[in-house]
Each structure stands twice: as structure tokens, then as C-alpha cells.
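Look at the sequence and the model together, and keep both in view while reading. The paragraphs below go from the overall division of the chain to single residues.

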Amino acid sequence: MMTQLTRADFDHAMVPNYAPQAAIPVRGEGSRLWDQEGREYIDFAGGIAVTSLGHCHPALVKALKDQADKVWHLSNVYTNEPALALAKALTERTFADKVYFCSSGGEANEAALKLARRFAYNEHGEKKDKIISFRQSFHGRTFFTVSVGGQPKYSQGFGPIPGGILHAEFNNLDSVRELMGDDTCAIIVEPLQGEGGIIPGEQSFLEGLRALCDQHNALLIFDEVQSGAGRTGHLYAYEHFGVVPDILTTAKGIGGGFPLGVMLTTDRIAPAMAIGTHGSTYGGNPLACAVGLAALETIDTPEVLEGVAYRHQLLRNGLEGIGQRHGVFQEVRGMGLLIGAEMAPGYAGRAKDILNLAMEEGLMVLVAGPDVLRLAPSLVISEAEIQSGLDKLDRAVASFVAASASA
Ligand SMILES: *Cc1c(COP(=O)(O)O)cnc(C)c1O
């Protein structure tokens, strides 16, 4: 028999880049999880917007088990049926004509940025290499994507940062105009900033980015790693805004918990990624694509997408009520089931304290930076689970306020 594993084993055997909670979940079903001691948790975190259909959704379990008996991996020396089926389904359901598969959001953005650079290089020569992104943005942890991301603390201390990257202010079109020129090859933006604090892009801002890109022959890249796969109540957030990007990246929720990333683009741009320009051993892995297809087909239905707005309203009302009762939040914002509650000035920087206290009440939540409590639950979380989670959050916030008052 295996000896009991504990949180202390993390400190002994894993590099210290994370600080996980003490409880170790061992089983999940829908929007509930149980730890080693059998304690139950309501899951408002969704594995950071990943378990889009909750834990062990029957359609995903079936797709994984069926594929597990067929073929696990081939590499891209061969193609495979799950990859072809998912590629067709994604192109039929989005603006895209072509897809590229990988295993994470960072890799999908790495591919998007390399494609944009190569497309500009082929079409316009080597001077058109500037990438504009936004402060506070997050695009992944590969060295290129983390440098493009707008949080310098994540890219400093690793040696020379790749060049040709400029940062503008999110939702400020003038700040983009100042940096934009004919040497701009692409703008990359999260239509709804996630890690940066759950900040929706403004309609006029996103439309303006599209116009600027058209004016300067630059590509518009939407990073929908967090906002995609039904999270906003549309399959992708670009549909909500009616602003169509040239390249879109999706990961997190599209795999429903299985590592899967995809870059989507058009027939005009795709040829720049010619044979040999880019690749990934695991890209298009049959297990990942089989699960991804099941997730896509389950999410992209009126039943699931139309339920997002209703769940959003329940959570928003609940958070606003908690904010009013305890005076802890200054704003509740977000889209669909990606919701942020910003701490009131008196509690600045302390969102993580609520996350910790929520665990004690049996509730998993997230933060987005030091000031924002973030919820990203399953798109099919039940009304009873939402209510139970909000009750637990109310108790966690009450003890947070009590502890703050006595401190
Ligand atoms: C999480 C995230 C990423 C990075 O995805 P990984 O799978 O962790 O590499 C990129 N962009 C956005 C918007 C994200 O939220």
C-alpha cells in the first residue's frame, strides 16, 4: 500500500513556485470536490476556468475512456481522427478556417505570436515586427508570451527580454494609436482581461483595435484562453462584441480539464505557418482532442450557453449582497461565469485572505491579483450549488471582517 501523501510532500519534492492549500482534493463530481479526509467543497474556481463542465462530466469521461482503448499518441508524423474531428468542428463553429493544436494556453499564444511575426515577415519584410499588448495582460509563461504579457514582475530576472514588444493601456485607444505604425505586425489582447483583474474590454476599444489593425496591415490576436469555450455565454467572447480577430487562442475550458490548446486563424494567414515553421510533439494528441470535441459539442448548445447569463446573475446578486452586508467589495464585474469582486479600499490587497477563509468553510474561489476575488465555476453548476457556495462565502467574509476588526 502507498503511504499517505500530504501537503508536506509538496515542499520536499516539488519546486517552490506554488503555494498550494493544505487540503488535497481526491475526487470531484460536477461542482463538488472531496479531500483526503472526505471534507466536501463547492467549486467556484473550476481549476482556473478549466473544468468548464465540472468534474467528471459523463460526456467527457466517456470520450476519454473510449479513446483510451483506441490510440493514445501518434505525433504529427501521422494525423488522427479525433484531431480531424475537432479541427472541423472548431472551424464550422467559429470565424476560423484553420487550427493549430498544442497543449496549453501559453503554447497557443506562442504559436499565435510566431505566426503573426512570420506572416508579416513574408508579406512585408523584416521591419514589420512590433507587437503591441497591454499592461496587466497575461498571455502565458513561455519566455516570449510572458514578455508580451503586461506584468513585468513575471518576465524580469530571466536575462534579455525578446525585442519588438510594446505595451499600451487596456481600454485606452489613444495609447494604442501612439504606438501603432506601419511597423506593427500584431496587437494581442484579451477581450476580457482575466489575470489582470477581470476587466471587460469596452466595445469601442475592441472595435477601435480592429480598425487600427486594418489601417496598418497588422493582425488582431484575441487571447481567449480564459474568456473562451462558453465562459461569457457565447462560444467565444468575440461573438459578443461582433469584432472578429485574425487569430484567436483557446485553451483552459476547451479541454474541460484535459490539457489542450488551440490557435485558430484564417485561410489568408495560415499558409505562413508552412511545413517546418513550428510544431509540438503533443499537438493534436488523440486523447486531448477526443475530450475537447466532447467538451465543445456539450458547451456549444443553447442549453449550456443560455444558462450562463442566469448563473451570472445569481452570482452577481450574491456577491453584491455580500459586499453590501459586510462592506468588503467596491465593485462586482465581469462577463458570464468569469466574475470579479474588487476589494473595497479599506481591504486593499487582501483578496487572498478571503480565498483562504473560504477553504475553511468548504468553498474554492480564486483571486485575480491582490485586490480581486475571482469566480470561474463550471458553466453547468446547479442553482443549489451556487446558493450553497454563496452562503459559505458569506460566512468566510464575515470571519474575514471580524478578524480584521480585532486585528
Ligand atoms: C491562463 C492563461 C494563459 C496561459 O495558459 P496556460 O495553459 O497556463 O499556458 C494565457 N492567456 C490567458 C488569457 C490566460 O488566462
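Into which domains is the protein divided? The model is a predicted one, and the protein in it is divided into domain 1, made of 7–56 + 302–406, and domain 2, made of 70–299. Domain 1 is thus written as two stretches of sequence, 7–56 and 302–406. The centres of domain 1 and domain 2, taken over C-alpha atoms, are separated by 27 Å. Domain 1 gives 24 residues to the contact, and domain 2 gives 24 residues.

The contact can also be described by area. Between them, domain 1 and domain 2 bury about 2000 Å², and 65% of this is on carbon and sulfur atoms. On the side of domain 1, the residues that lose the most area to domain 2 are Leu-305, Met-335 and Leu-338, which together account for 32% of what that side buries. The count of salt bridges between domain 1 and domain 2 is one.

Next come the salt bridges. The structure holds 18 salt bridges. In one of them, Arg-374 lies in strand 17 (residues 372–375) and Glu-195 in the loop between strand 8 (192–193) and strand 9 (199–200), so the pair ties together parts that are 179 residues apart in sequence. The side chains of Arg-374 and Glu-195 meet at 2.9 Å, N to O. Is each partner buried, exposed or partly exposed? Arg-374 counts as buried because its relative accessibility is 2%, and the cut-off for buried is under 20%. Glu-195 has a relative accessibility of 21% and therefore counts as partly exposed.

Another salt bridge joins the side chains of Asp-214 and Arg-210, at 2.8 Å from N to O. Both residues are in helix 8 (residues 203–215), and because they are four residues apart there, about one helical turn separates them. Asp-214 counts as partly exposed, since its relative accessibility is 48%. Arg-210, with a relative accessible area of 15%, is buried.

A further salt bridge is formed by the side chains of Asp-246 and Arg-268, at 3.7 Å from N to O. Asp-246 lies in the loop between helix 9 and strand 11 (247–250), while Arg-268 lies in the loop between strand 12 and helix 10, so this pair ties together parts that are 22 residues apart in sequence. Asp-246 is buried, at 8% relative accessibility, whereas Arg-268 is exposed, at 53%. Arg-210, Asp-214, Asp-246 and Arg-268 are joined into one network by salt bridges that share partners.

Some positions are marked in a database record. Which residues does the UniProt annotation "binding site" cover? According to the unreviewed UniProt entry, they are Phe-138, Asp-223, Glu-224, Val-225, Gln-226 and Thr-281. These residues are spread over 144 residues of sequence and are also spread in space, with up to 24.7 Å between C-alpha atoms. From this set, Val-225 and Gln-226 belong to the lining of the largest cavity.

Two residues of the annotated set can be followed in detail. Glu-224 is in the loop between strand 10 (219–223) and helix 9 (237–241). Its relative accessible area is 0%, so Glu-224 is buried. Apart from residues up to four places away in sequence, Glu-224 touches Pro-191, Tyr-236, Ala-237, Tyr-238, Leu-248, Thr-249 and Thr-250. Thr-281 is in the loop between strand 12 (261–265) and helix 10 (286–299). Thr-281 counts as exposed because its relative accessibility is 55%. With residues up to four places away again left out, Thr-281 touches His-73, Ser-75 and Asn-76.

The last stop is Arg-231, which is placed in the loop between strand 10 and helix 9. Is Arg-231 buried or exposed? At 2% relative accessibility, this residue is buried. When neighbours within four places in sequence are set aside, the residues in contact with Arg-231 include Gln-226, Ala-49, Ser-52, Val-308 and Ala-376. Met-335 and Leu-338 are also among its contacts, and these two residues appeared above among those in domain 1 that lose the most area to domain 2. Arg-231 and Gly-47 are 184 residues apart along the chain, and their C-alpha atoms are separated by 13 Å.

Methods
Residues numbered from 1 in each chain as written. Predicted model: local features only at pLDDT ≥ 70, side-chain atom pairs only at ≥ 80, totals over all residues. Heavy atoms only, no water. UniProt positions renumbered as here; feature names shortened; annotations may be inferred. 1 Å grid on protein atoms, 1.4 Å probe; cavity = no way out; pocket = protein on both sides within 12 Å on 5 of 7 lines; lining within 4 Å. Helix = DSSP H or I, 4+ residues; strand = E, 2+ residues; numbered from the N terminus. Buried < 20%, exposed > 50% of the residue type's maximum accessible area, 1.4 Å probe, protein only. Contact = heavy atoms within 4.5 Å. Domains from an automatic or database assignment. Buried area = accessible area lost by both parts, 1.4 Å probe. Salt bridge = Lys/Arg side-chain N within 4 Å of Asp/Glu carboxyl O.
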